[in-house]
Amino acid sequence: MNDQVKQAIAACAAFINGRSDAMALPPEAAEFVYTLVRATGAKRGVEIGTSFGYSGLHIGAAIAENGGTLTTIDVLPSKTEAAQKYFAVAGLTETIRCETGPAIEILNRLEGSFDFVLNDADKVNCIPYVEALMPKLTRGAVVLTDNSITHAKELAGFVAWARACPELQSVHLPIGNGFEMSVRK
Ligand SMILES: C[S@@+](CC[C@H](N)C(=O)[O-])C[C@H]1O[C@@H](n2cnc3c(N)ncnc32)[C@H](O)[C@@H]1O
């Protein structure tokens with residue numbers, strides 16, 4: 001990760017510090033996501049839930065180093081605008097494409113295939129989001145669904161669905177707020 005990205009992450013972290021509407025990944029979880037995307041070599045990423053761009057900076061940095069692109073989605077235009085400023089500070093404007101609107105509508109019209117997904121928006125729609133992406137996921141694509149520890153009750157249905165889904169291999173990762181890590185078979 002280069003110094004320009006590190007500076008953008010520090011600025012974003014200072015901005016979201018104490019903001020209850022940021023709901024960002026904890027730093028150790030964001031660093032794990034960066035490392036995972038680098039390790040897998042993912043080049044076509046989707047993030048559901050941009051917020052102020054904290055996780056997007058980590059995913060975008062790794063995907064840029066892999067030579068790919070990231071589409072990040074949030075329903076709130078004010079958050080997209082704020083995140084875009086940090087992506088610009090990081091030098092990731094060419095790598096990260098922001099989409100604003102209800103995630104299900106955007107996911108349904110996304111074209112192409114994807115090899116990494118961070119599923120981190122409204123927990124009630126986690127299953128429809130992955131179902132919408134399923135035909136577009138490459139074999140071995142990783143879907144990280146956040147908050148499996150902090151929102152265990154809300155995500156119980158998703159976790160049960162993912163573990164029973166014949167197209168996925170899914171496992172709990174006790175990192176940060178908890179991830180359910182699902183791999184497309
Ligand atoms: C947990 S936050 C994302 C945090 C971000 N991934 C990070 O770590 O910095 C969830 C975001 O999902 C957005 N969101 C909620 N419902 C949505 C929907 N139906 N479509 C798109 N975005 C949605 C919220 O506006 C919020 O910014």
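Is Phe179 buried or exposed? At 0% relative accessibility, Phe179 counts as buried. I should say at the outset that this is a predicted model. I shall begin with the sheet, and then return to Phe179 with the other aromatic residues.

The sheet is open and has 7 strands, which follow the order 3-2-1-4-5-7-6 with mixed pairing. Its edges are strand 3, residues 96-100, and strand 6, residues 168-173, each of which pairs on one side only. On average, neighbouring strands of this sheet are turned by 15° against each other, direction ignored. As a reminder, strands of a sheet pair through backbone hydrogen bonds, either parallel or antiparallel. One parallel pairing is that of strand 1, residues 44-48, with strand 4, residues 114-119, and it runs over 4 bridges. There, Val46 stands opposite Val117 of strand 4.

Which strands does helix 4 touch as it packs on the sheet? Helix 4, residues 77-89, touches strand 2, residues 69-74, and strand 3, and its direction makes about 170° with that of strand 3. Helix 7, residues 152-164, also packs on the sheet. Helix 7 touches strand 4, strand 5 (137-146), strand 6 and strand 7 (179-184), and its direction makes about 135° with that of strand 6.

Between helix 4 and strand 3 there is a loop, and Thr95 has its place in it. Why does Thr95 count as buried? Its relative accessibility is 11%, and buried means under 20%. Leaving aside neighbours within four places in sequence, Thr95 is in contact with Gly60, Ile63, Ala64, Gly68, Thr69 and Leu70.

I turn now to the aromatic residues. How many aromatic pairs does a search of the whole structure find? The search finds 4. One of them joins Phe15 and Tyr86: the ring centres are 6.0 Å apart and the planes lie at 45°, so this pair is tilted. Because Phe15 lies in helix 1, residues 3-16, and Tyr86 lies in helix 4, the pair ties together parts that are 71 residues apart in sequence. Phe15 is partly exposed, at 33% relative accessibility, whereas Tyr86 is buried, with a relative accessible area of 13%.

Phe179 belongs to another tilted pair, with Phe32 as its partner; here the distance is 6.1 Å centre to centre and the angle between the planes is 35°. Phe32 lies in helix 2, residues 27-40, and Phe179 in strand 7, so this pair ties together parts that are 147 residues apart in sequence. Phe32 is partly exposed, with a relative accessible area of 22%, while its partner Phe179 is buried.

Ring pairs also link Phe15, Phe52 and Tyr86 into a cluster. Over the ring of Phe52 sits the charged end of Lys79, 5.3 Å from the ring centre.

My final topic is a helix pair. Two packed helices are described by the angle between their axes and the distance between the axes. For helix 6, residues 126-133, and helix 7, the angle is about 35° and the axes are 9 Å apart. Which residues meet there? From helix 6 come Cys126, Ile127, Val130 and Glu131, and from helix 7 come Leu155, Gly157, Phe158 and Trp161. By class, this contact of helix 6 with helix 7 has 6 nonpolar, 1 polar and 1 charged residues. Helix 7 therefore appears twice in this account, once on the sheet, where it touches strand 4 among others, and once against helix 6.

How values were computed
Residues are numbered from 1 along each chain as its sequence is written. This is a predicted model: local features need pLDDT of at least 70, side-chain atom pairs count only at pLDDT 80 or more; totals for chains, interfaces and linings use all residues. Side-chain values use heavy atoms; hydrogens and water are left out. Two strands pair if DSSP finds at least two bridges between them. Helices (H or I, at least four residues) and strands (E, at least two) are DSSP runs, numbered from the N terminus. Axes are lines fitted to C-alpha atoms, for helices over the stretch in contact, and angles run from 0 to 180 degrees between N-to-C directions. Contact means heavy atoms within 4.5 Å. Buried means under 20% relative accessible area, exposed over 50%, partly exposed in between (1.4 Å probe, protein chains only). Rings of Phe, Tyr and Trp (its six-membered ring) pair if their centres lie within 6.5 Å; planes under 30 degrees apart count as stacked, over 60 as edge-to-face and the rest as tilted. A charge sits over a ring if NZ of Lys or CZ of Arg is within 6 Å of the ring centre and within 35 degrees of the ring normal. Ala, Val, Leu, Ile, Met, Phe, Trp, Tyr, Cys and Pro count as nonpolar, Asp, Glu, Lys and Arg as charged, and the others, Gly among them, as polar.
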